[in-house]
Amino acid sequence: MTALDRCGVAAIANAVSSGTSSAVEVAENTLARLAAYDAVQPQIWISRIEPEDFLAAARAVDARLAAGETLPLAGVPYAVKDNIDVAGFETTAACPAFAYRPSGSAGVVERLEAAGAICVGKTNLDQFATGLVGTRSPYGIPRNAYNLAYVSGGSSSGSSVAVAAGLVPFALGTDTAGSGRVPAAFNHLVGFKPSKGRWSTRGLVPACRTLDCITVFTDTVADARLVDKVVASFDPADPYSKPLADAPVQPERIGVPYHSQRVWFGDSQSEYLYDRALDRLSETAQIVEIDLEPLLEAAQLLYGGPWVAERTAAIAGLLASNPDAIHETVRSVVQPGSDISAVELWNGIYRLAELKRHADGLWDTVDLLAFPTTGTTYRVAELLASPVALNSNLGRYTNFVNLLDMAAVAVPAGTRSNGTGFGITLIGPADGDRGLLAVAETYLAAADLPAAPALDLEGRMETVKLAVVGAHLKDMPLHWQLTSRDATFVGAFETAPTYRLYAMADSVPPKPALVHSYEGASIAVEVYELDVAAFGSFVVEVPAPLAIGTVTLADGTSVKGFVAEPRALTGAEDITHLGGWRAYIERLNAGN
């Protein structure tokens, strides 16, 4: 697959409406993109439009424009998660035994197509929208567009990858517990989850009908706003739809979890990127720490409480008639809902009302929340080995939002060294959608993030950055252990000012010991990058009392690096004041 220029929603619509391009030209370009990416991840799709039907739909859009219609999404191709009805396509919810052919399109799809957009296909998902990972589908596992070893996020897995790979400029997903936000974070996208009832859910296969929201993935906030302008409306045929309202959002006080409640599941890069995002937000707003526990308790009601029964109700017929047709992990999550009593349900409703009253009170102290979208990410192999526990980790900062009737927009906030995206989610009160989008746009403009990395088209090589401090430095006696493993020099750096450096006694060749200390200083290091296998073989050769741990650099990032056991300091000389090993060797040589 060759790289193709990405073109956003507004750019395509403006080009087609102005005559600079045509819907047919856009369709032909899109068909080329789709065919090329099929060689990488065909499993992001469950069904797709036939090329001749796509071109016919594009010709119809061009004809409507020629007849004088104004089409805000003229010729814009888009994808739809396959739990949302689109006329002419089966709806499967990623379960072949459940599949049906709808008599018409979902309410949101009707509005998109009236505006001139063209659906190119139905995307893969965690079956019945149950999961945040993208690994629970008989149609295959959509993988992260930037590192194929990692999950795409779910349940809106295929939709997120379709946008991330540049196949379509926007795609519809859904969100009950974070399914429209987690995949956005992992794939460097904007994921807009509107307030409940802002977008019609008529024609959506329910997960939890009282909580479900249809969402959108885009490259930019402006494009998400454009889709919202087209789609947001009151739908009298949807009992959960409500009249539109746009409450103002003043981003003066931003709530974040107490530092002690920020859980990263061992992912120091996510922690660093979140802190950097908060630094940026703090330039224009007051950061206010809040207690996360009441929100976490509300979230627990979704999968650990009576709301599981709402998922059970959505597929009760299939559970009773053909339970083996349901993905094993999905069945293990949903089936226990059959045993939840009405008493348990009502007690849950009462408790949620209390928690919601607390959550509504938050808006007296903060104007919005800025949470990590997730605390970490995982490889596909890791999720397959531990499908429930790791999935739960990904929902820590997302599961409460719909239960407590909040709006949210997930936005990029940086890139991990493995190429996957880290994101933050801005969360506000119901009906604050437009204001929340404005805050998101302001944040992204100020953050000035680097462009997303190149797409992973063949399987990205896993690499590790390693800081060396002594005998492995360039031109030092053990540097060959790096060059023989094809290590790439990244650069010369300094550690954070929290280390002390010692020259170990009786070490041949002379070696230093780097020790973390809050009464330390910055120490000069060199950073090299090795593939994972080479790094593993290198670590095997590290002799005690040295070890490989995690070293924090002066810019706050963390890399693997040499550290030392306490016994390394026996008889050692403290050389911290020299600032690095080279200065110590120069002093030794001068003494000789």
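Colleague: Why does D486 count as exposed?

Modeller: In this predicted model, D486 has a relative accessibility of 66%, and exposed means over 50%, with buried under 20% and partly exposed in between, for a 1.4 Å probe and protein chains only, so D486 counts as exposed. Local features here need pLDDT of at least 70 and side-chain atom pairs 80 or more, while totals for chains, interfaces and linings use all residues. Residues are numbered from 1 along each chain as its sequence is written, and side-chain values use heavy atoms, without hydrogens and water.

Colleague: What makes the phi of D486 worth listing, and where is the place of D486?

Modeller: Phi of D486 is near 60°, a positive value in a residue other than glycine, and D486 belongs to the loop between α18 and β13 (488-494); helices are DSSP runs of H or I with at least four residues, strands are runs of E with at least two, and both are numbered from the N terminus. Most residues other than glycine have a negative phi.

Colleague: Which phi does D475 have, and why is D475 called exposed?

Modeller: D475, which is not a glycine, has a positive phi of about 70°, and its place is in the loop between β12 (463-468) and α18 (480-483). With 66% relative accessibility D475 counts as exposed.

Colleague: How do you know which form the peptide bonds before P509 and P545 take?

Modeller: Omega is near -10° from V508 to P509, and that peptide bond is cis; P509 sits in the loop between β14 (499-503) and β15 (512-516). From A544 to P545 omega is near 10°, and this bond too is cis, with P545 in the loop between α19 (532-540) and β17 (546-552). Most peptide bonds are trans.

Colleague: What makes a space in this model a cavity, and how many cavities of 30 Å³ or more are there?

Modeller: On a 1 Å grid over the protein atoms alone, a cavity is a set of points where a 1.4 Å probe fits but cannot get out, whereas a pocket is an open set with protein on both sides within 12 Å along at least five of seven lines, and lining residues have an atom within 4 Å of a point. By this rule the count is 2 cavities of 30 Å³ or more. The largest cavity has a volume of about 40 Å³, and its lining residues include F128, R311 and V334. The second largest cavity holds about 30 Å³, and N83, D175 and C213 are among its lining residues.

Colleague: What is the make-up of the lining of the largest cavity by class?

Modeller: The lining of the largest cavity has 6 nonpolar, 1 polar and 1 charged residues, where Ala, Val, Leu, Ile, Met, Phe, Trp, Tyr, Cys and Pro count as nonpolar, Asp, Glu, Lys and Arg as charged, and the others, Gly among them, as polar. For the second largest cavity the division is 5 nonpolar, 3 polar and 2 charged.

Colleague: Which residues lie nearest the centre of the second largest pocket, and which element gives the largest share of its lining?

Modeller: This pocket, with about 420 Å³ of space, is lined by 19 residues, with Q300, Y303, G304, S392 and N399 nearest its centre. Elements giving two or more residues to that lining are α9 (293-304), α12 (328-334) and α15 (389-394), and α9 has the largest share, 5 residues. By class, the lining has 8 nonpolar, 9 polar and 2 charged residues.

Colleague: Why does L345 count as partly exposed?

Modeller: L345, in helix α13 (residues 342-362), has 32% relative accessibility and therefore counts as partly exposed.

Methods. Points joined across faces, edges and corners; volume = space filled by probe spheres on them.
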